[in-house]
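The following exercises concern the architecture and aromatic packing of one protein model. Each task is followed by a solution that proceeds step by step.

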Amino acid sequence: MILTRRQTLLTGAAAFAAATLPARAARPEYRLHPQEIASGVWMFEGATESFDPKNGGAICNIVMLASHEGAIVIDTGGTARQGAALRAFADQRLGGVAASLNTHHHPDHWFGNQAFADRPIHALPRTRRVQSEDAQVLADGLYRILGSWMNGTTPRPASQDAVAGGMTIGGRELEILALSGHSQADLVVQDRQTGTLITGDLLFLNRAPSFPDADIPTWASAITTIAQIPASGYVPGHGPYHRDSRAMGQTQHYLSAMDARLRGAANNGLTRIEAMAAGPMPDYAHLGANPQEYQRSVIQRWREYELRALPILGQAG
C-alpha cells in the first residue's frame with residue numbers, strides 16, 4: 001500500500017465519517033434480533049449503513065453456534081456494550097460461551113471481545129498482530145464517530161492463533177479456512193453439522209464493500225475459493241443470510257467495477273475530488289452504505305491508482 005495503514009484508517013474510518021455524520025443521542029441499549037438460520041446456528045444481522053450513532057456501530061453479522069460447552073461466537077461486535085448484549089444472549093439461551101473467533105481485524109468484528117475474554121478467542125496470526133498494532137487508532141476513530149456508544153470499550157485482541165483445517169469445540173466440528181484480500185488475513189468458518197459457511201467480509205450482500213485494506217485481485221481469488229466449497233447457506237460479513245451465489249456474484253462484480261472506475265479516473269487525469277464527485281457506479285448506487293462507502297473507498301485507495309497512472313499520463317503528455 002502507498003499510505004501507511006495508520007494514515008488510511010484515520011482518513012477512511014474517522015476523519016471522513018466524523019466530518020459528515022451529525023452528533024446524535026445514543027440509544028440506551030442494543031436490541032438483538034437473533035435468527036436461527038440452521039439447526040443450532042444463530043445469526044445477528046448487522047445494519048446495512050456505515051458506522052453511525054444511529055446504529056451504535058452494530059453493522060456486521062455475528063454468528064453463534066450451539067455446542068455442548070456453550071456458544072461458539074464468530075465475531076463479537078463493534079463495542080463493549082454490544083459484546084455484553086451478545087454475551088447475555090449466549091449465557092441465557094445457549095449455556096454460556098465455549099470460545100470465540102474473530103474473522104479479521106476491522107473493529108466492527110472484534111471490539112466486543114472484552115465481553116468474551118474469559119474464554120479462548122481465536123484469530124489468524126496476522127489478524128492478532130494487526131489487532132494489537134492498530135487497536136488504539138481504531139478505537140480513537142470509533143470514539144469520534146460513535147461517542148457514548150463506545151464508553152467502556154477497551155480493544156482486546158484475540159488470545160489464540162486459529163489454524164486452517166479441522167477444529168472441534170464443544171463437540172461441534174468446524175472447518176477453518178485462512179484466506180485474505182478484504183484484509184491481510186480473512187478467516188472463513190464452515191459448520192460441518194449444517195454446512196453453513198460464515199465468510200466474514202470476503203462476501204457482502206446488498207451493502208457496499210469496504211476497502212481500507214483491500215487487495216482486489218487477492219480478494220477476487222478468495223471468492224473463487226469460496227465458490228468451490230459446497231455449502232447449505234452463506235452468512236456474509238454484511239447482508240442477509242442466503243442459500244445461493246448472490247453474494248459471491250455481487251461482491252465479485254463490485255470489485256471489478258470499483259477497480260475499473262478508479263483506474264479509468266486516474267488514467268484520465270481526474271483528481272481525487274472529481275473521482276469522489278462522480279459517485280458510485282450506477283449499478284451499485286442503491287446498495288446500503290453508498291454513497292458514503294464509495295467516497296470513503298476513493299479516499300483510501302486513490303493514491304495507489306494515481307501512482308500507477310503516472311507513466312500513462314506521462315506518455316500522453
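Two residues are in contact when they have heavy atoms within 4.5 Å of each other. The model examined here is predicted.

**Exercise 1. Overall architecture**

Determine what share of the contacts with a separation of 6 or more is accounted for by residues 24 or more positions apart, and describe the general make-up of the protein.

Solution. Step 1: residues 24 or more positions apart account for 70% of the contacts with a separation of 6 or more. Step 2: the secondary structure comprises 7 helices and 12 strands. Step 3: of the 317 residues in the protein, 57% are buried.

**Exercise 2. The helix α4**

Establish whether the end-to-end distance of α4 agrees or disagrees with the expected span, and where its buried residues lie as seen down the axis.

Solution. Step 1: the expected span is 1.5 Å times one less than the number of residues. Step 2: the 12 residues of α4 should therefore span 16 Å, and the end C-alpha atoms are 17 Å apart, in agreement. Step 3: the buried residues of α4 are Ile216, Trp219, Ala220, Ala222, Ile223 and Ile226. Step 4: viewed down the axis of α4, these buried residues fall within an arc of 155°, so they line one face of the helix. Step 5: the general background is that an α-helix has 3.6 residues a turn, so residues three or four places apart point the same way.

**Exercise 3. The helix α5**

Apply the span test to α5, list its buried residues, and state which residue just after α5 takes a positive phi.

Solution. Step 1: the 22 residues of α5 should span 32 Å at 1.5 Å a residue; the end C-alpha atoms lie 31 Å apart, which agrees. Step 2: the buried residues of α5 include Met248, Tyr254, Leu255, Met258 and Leu262, and among them are also Gln250, Thr251 and Asp259. Step 3: just after α5, Gly269 adopts a positive phi of about 80°.

**Exercise 4. Nonpolar cores**

Identify which elements give two or more residues to the largest nonpolar core, and which residues have the most contacts inside it.

Solution. Step 1: the largest nonpolar core has 37 residues, and those with the most contacts inside it are Phe211, Trp219, Ile226 and Tyr254. Step 2: two or more residues of this core come from each of β9, β11, α4, α5, α6 and α7. Step 3: α5 supplies the largest share, 8 residues. Step 4: leaving aside residues up to four places away in sequence, Tyr254 touches Ala208, Pro209, Phe211, Met281, Tyr284, Leu287, Asn290 and Tyr294. Step 5: a second, separate core of 23 residues includes Val41, Ile169, Ala185 and Val189.

**Exercise 5. Aromatic pairs**

Classify the pair of Trp110 and Phe111 and that of Phe204 and Trp219, and explain which parts the latter ties together.

Solution. Step 1: ring planes over 60 degrees apart count as edge-to-face, those under 30 as stacked and the rest as tilted. Step 2: the count of aromatic pairs is 8. Step 3: Trp110 and Phe111 form an edge-to-face pair, with 4.9 Å centre to centre and 90° between the planes. Step 4: the ring centres of Phe204 and Trp219 are 6.4 Å apart and the planes stand at 50°, so this pair is tilted. Step 5: Phe204 lies in strand β11 and Trp219 in helix α4, so the pair ties together parts that are 15 residues apart in sequence. Step 6: Phe204 is buried at 1% relative accessible area, and Trp219 is buried at 0%. Step 7: Phe204, Phe211, Trp219, Tyr254 and Tyr284 form one aromatic cluster.

Conventions
Residues numbered from 1 in each chain as written. Predicted model: local features only at pLDDT ≥ 70, side-chain atom pairs only at ≥ 80, totals over all residues. Heavy atoms only, no water. Phe/Tyr/Trp six-rings, centres within 6.5 Å; stacked < 30°, edge-to-face > 60°. Helix = DSSP H or I, 4+ residues; strand = E, 2+ residues; numbered from the N terminus. Buried < 20%, exposed > 50% of the residue type's maximum accessible area, 1.4 Å probe, protein only. Arc of directions from axis to C-beta. Core = buried A, V, L, I, M, F, W, Y, C linked by side-chain atoms within 4.5 Å.
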